[in-house]
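Welcome! Here is a short guided walk through a protein model, for someone meeting it for the first time.

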Amino acid sequence: MDSKDPLLVVTVLQEKAASKNASTNSLDTDSKSSSTGSKHDAELSSSRDTPFAYLDGEEDQDQKNDVTYVCPYRGPTYGALTITNYRLYFRSLPLRDHEPPPVILDVPLGVIARVEKIGGATSRGENSYGIEIFCKDMRNLRFAHKQQNHSRRTVFEKLQSYAFPLSYSGRLFAFAHAVNSTQVGENGWAVYEPLAELRRLGVPNDMWRATKINENYAVCDSYPAVWAVPKVASDDFLRRVALFRSRCRLPVLSWIHQKSQAAITRCSQPLVGVGGKRSADDELFLNYIMEANAQSDKLAIMDARPSANAIANKAKGGGYESEEAYKSVEIHFLDIHNIHVMRESLRKVKEVCYPTIDDSKWLSSIDNSLWLKHIKCIVAGAVRIVDKVETMSTSVVVHCSDGWDRTAQLTALAMLLLDPYYRTFRGFEVLIEKEWSSFGHKFQQRIGHGDNRHSDADRSPVFLQFIDCVWQVSQQFPNAFEFNEHLLITIIDHLYSCRFGTFLCNTESERVAEDMKHKTISLWTFINSSMDQYLNPLYPSFTQGAHQTVLRPIASMRIIKLWKGLYCRWNPSMRPQNKIYNRTRELLVLQEQLVKQVSEKRMKANTRQA
């Protein structure tokens, strides 16, 4: 066999991967994305004589060498526990020769939702005294301590202080990490530039303009500083329109079809109330949005809520646009439920997936959680938006109640389906920065960063659902995305980790006030410095134009499936033996070899013809 045969290269890589996997046990390890450090980190780790790579700014807070991890799969495992200001790290200690690979836990403290003490000084029974940790990433951790000398006290206190720093007048780890950072490379905060993204969409043009009316966040404190609006609407007119929308979140441009000029705009509900109040300015403004698209004499309003919820919101001063008041408008209710329903649904999924799975009730339990039904409704709503914009050339206004949860899910997913740019590395980062961060999705409240109020009613897996929907689409169109599943899981891991500033705070105005761009590191800096592990080998980057298409996924319960690679990843019986990103790297090497061979053969053929 030729030594340059790509199949041989892959075989060698597989053998190396198998050898590497044999030396480490992934049974209880944290996902690779949340614990990867830099070369500097590794050097620092070796100087401290510890088994993991310390991050910049990471410092030891407590260590116990006589702790038992009560593993739900292996049973009690004796080992050493280290707590830093960023992570909890447990490593089992060998009790005899020929021990199996060690059990390792590497958990960012930001993942922790709550910490509880188990048992007391008089508790009887093995492993009855200790600490239980409930995590945001679908797992619980239980540690047993010796009952003498209050051995769990300092562990409990350090976990409380550093997992929930905002509840104890502290600061999130992202700030300490940035102050001491030695990381070099592209500045991830520069990935998204609002005016550059508008220019990519062809704005300004004859019908749309950019405005900095909200430069100081005075018109709407939860909106970005830069908007795109119909050219005929003056800034004073915009201020009047904002007063008739919940939280002053008036309709502004998210995306525009460069051929038909059909637009996706987003906003919050109108303040019509029980009395059916009207605003001539708001009605005229929606007419401006419709007239900016010469291809259609209709405007579609996609209300994310069930119609009953939209009607009920009238009692709170909100509501929806009536077709009597808003001429040439058609309204569609998309039946996506609120944050409280979604939170309860995810809780049921966790009960099914962790720690044990009942095979006899697996399908019925997942069905009863209604999680897949909710995911289907979001995908179906986005497909309806795509159909209006792409097929009917009709502009769309998307809103829910306040316009920062379900609205972001729908606009971001519809834009991903319509525009191949958002399915690239850079485009996906821009999409998240634009539709989620800049338009005020309340990451701080929905995730509860550094806050010990675990039962807070504002917490909800809204962004997680969006990433789940992206994964669902990638399963139906495996060659349409430049990135792979590992990137999506990495984003979810760091949604919780508090290592980067990307998902901190609730609004753009808060991030500016906190000077996040200078006081924290962007997640995109980290990801873009090691893009090779996130590449999709099936993406036709070498075939120009092959991926320039609109995606229309099938939103059916026959097709939508549970993302086991995320929700069941802590259960060894549900985990693939060969990690996806290892296989991905092997395929990328094979792809590179094949592309190189094709290029060489073309050059030889051209030489012969010449």
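A crossing of two helices is called left-handed if the near helix is turned anticlockwise from the far one by less than a right angle, and right-handed if clockwise. With that in hand, the crossing of α6 and α7 in this predicted model is left-handed.

## Helices that pack together

Two packed helices are described by the angle between their axes and the distance between the axes. Here are the helix pairs of this tour, side by side.

| Helix pair | Angle between axes | Axis distance |
|---|---|---|
| α6 (residues 235–242) and α7 (residues 280–291) | about 120° | 8 Å |
| α12 (residues 406–418) and α15 | about 20° | 10 Å |
| α12 and α13 (residues 425–438) | roughly 150° | within 10 Å |

Let us begin with α6 and α7, which pack at about 120° and are therefore oblique to each other. On the α6 side, the contact is made by F237, L238, R240 and V241, and on the α7 side by D281, D282, L284, F285 and Y288. Sorted by class, the residues of this contact are six nonpolar, no polar and three charged.

Next comes α12, which packs with α15 at an angle of about 20°. Angles under 35 degrees count as roughly parallel, and that makes α12 roughly parallel to α15. Their crossing is right-handed. From α12, the residues Q409, A412, L413, L416 and L417 take part, and they meet V462, Q465, F466, C469, V470 and V473 of α15. This contact of α12 with α15 has nine nonpolar residues, two polar ones and no charged ones.

Helix α12 also packs with α13, and here the axes cross at roughly 150°. The two helices are therefore roughly antiparallel to each other, and the crossing of α12 and α13 is right-handed. A408, Q409, T411, A412, M415 and L416 in α12 meet F428, L431, K434, E435 and W436 in α13. By class, the contact of α12 with α13 divides into seven nonpolar, two polar and two charged residues.

What about Q409, A412 and L416 of α12? These residues appear in the contact with α15 and again in the contact with α13.

## Two open sheets

Now for the strands. In which order do the seven strands of the antiparallel open sheet lie? The order is β4-β3-β2-β1-β7-β6-β5. Strands β4 (104–108) and β5 (112–118) stand at the edges with a single partner strand each, so one side of each is left without a neighbour in the sheet. From one strand to the next, the twist of this sheet averages 30°.

Within this sheet, β1 (residues 60–71) and β2 (residues 75–84) pair in the antiparallel sense over nine bridges. To find one such match in the view, look for V67, whose bridge partner in β2 is G79.

The other open sheet has five strands in the order β10-β11-β14-β12-β13, and its pairing is mixed. Its edge strands are β10 (252–256) and β13 (329–333), each of which pairs on one side only. Here the twist averages 25° from one strand to the next. Strand β12 (residues 299–303) runs parallel to β13, and five bridges join them. In β13, H332 is the bridge partner of M302.

## Aromatic pairs

How many aromatic pairs does the structure hold? There are 28. One of them is formed by F443 and F463, which sit edge-to-face with 5.3 Å centre to centre and 75° between the planes. F443 belongs to helix α14 (residues 443–448) and F463 to helix α15 (residues 462–476), so the pair ties together parts that are 20 residues apart in sequence.

## Details of the backbone

A few spots in the loops are also worth a visit. V203 and P204 are joined by a cis peptide bond, with omega about 10°. P204 is found in the loop between α5 (194–200) and β8 (208–211). Another cis peptide bond joins Y354 and P355, with omega about 0°. The place of P355 is the loop between α9 (339–353) and α10 (362–369).

Where does S169 lie? This residue is in the loop between α3 (153–163) and α4 (173–179). Its phi is near 60°, a positive value in a residue other than glycine.

How values were computed. Residues are numbered from 1 along each chain as its sequence is written. This is a predicted model: local features need pLDDT of at least 70, side-chain atom pairs count only at pLDDT 80 or more; totals for chains, interfaces and linings use all residues. Side-chain values use heavy atoms; hydrogens and water are left out. Two strands pair if DSSP finds at least two bridges between them. Helices (H or I, at least four residues) and strands (E, at least two) are DSSP runs, numbered from the N terminus. Axes are lines fitted to C-alpha atoms, for helices over the stretch in contact, and angles run from 0 to 180 degrees between N-to-C directions. Angles under 35 degrees count as roughly parallel, over 145 as roughly antiparallel, 65 to 115 as roughly perpendicular and the rest as oblique. Contact means heavy atoms within 4.5 Å. Ala, Val, Leu, Ile, Met, Phe, Trp, Tyr, Cys and Pro count as nonpolar, Asp, Glu, Lys and Arg as charged, and the others, Gly among them, as polar. Rings of Phe, Tyr and Trp (its six-membered ring) pair if their centres lie within 6.5 Å; planes under 30 degrees apart count as stacked, over 60 as edge-to-face and the rest as tilted.
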